[in-house]
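Student: Could you go through this model with me? I'd like to start with the empty space and then move to the rings and strands.

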Amino acid sequence: QVHLVESGGGLVQAGGSLRLSCAASGSIFRINAMAWYRQAPGKQRDLVAAITSAGSTNYADSVKGRFTISSDNAEKTVSLQMNNLKPEDTAVYFCKFVVRTIANYVIDYWGEGTPVTVSS
């Protein structure tokens, strides 16, 4: 069983920075990709940034140039450095691991979320 735990959320003023981290525990055969999503109150969960096991990254247009995703496959961690935060970045942030099992199944694992609040 794989368990993801996020940390680093909190309250910050507009223009400030936060760094989110997500660590996985449990047995993982292979990580295909890791990602961060966010969900604001009353809205759907949206992709913020993703990184493949090869290091390719993808960002939502709204965070390009402000957020940076990084990962360590061996340590089973993924981080999101968020700079120049805006009130519209306020949301609960979730990490996701896309994992390939030894039987060649692909499974998505989600963390429970960490809240980020940006005050104006």
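Tutor: What follows takes the pocket, then the charge over the rings, then one strand pair. This is a predicted model, in which local features need pLDDT of at least 70, side-chain atom pairs count only at pLDDT 80 or more, and totals for chains, interfaces and linings use all residues. Residues are numbered from 1 along each chain as its sequence is written, and side-chain values use heavy atoms, with hydrogens and water left out.

Student: Okay, what lines the largest pocket?

Tutor: The lining has 14 residues, and Arg38, Ala40, Lys43, Asp46 and Glu88 lie nearest the centre; a pocket here is an open set of points on a 1 Å grid over the protein atoms alone, where a 1.4 Å probe fits, with protein on both sides within 12 Å along at least five of seven lines, and lining residues have an atom within 4 Å of a point.

Student: Which strand gives the most to that lining?

Tutor: S5 does, with 3 residues; strands are DSSP runs of E, at least two residues, numbered from the N terminus.

Student: Switching topic, which rings does Arg45 sit over?

Tutor: Arg45 lies over the face of Phe94, 3.6 Å from the ring centre, and its charged end is also over the ring of Trp110, at 4.8 Å from the centre. The rule asks for CZ of Arg, or NZ of Lys, within 6 Å of the ring centre and within 35 degrees of the ring normal.

Student: And how do S3 and S8 pair?

Tutor: Strand S3 (residues 18-25) and strand S8 (residues 77-82) are antiparallel over 6 bridges, where pairing takes at least two DSSP bridges. Ala23 stands opposite Thr77 in S8.

Conventions:
Helices (H or I, at least four residues) and strands (E, at least two) are DSSP runs, numbered from the N terminus.
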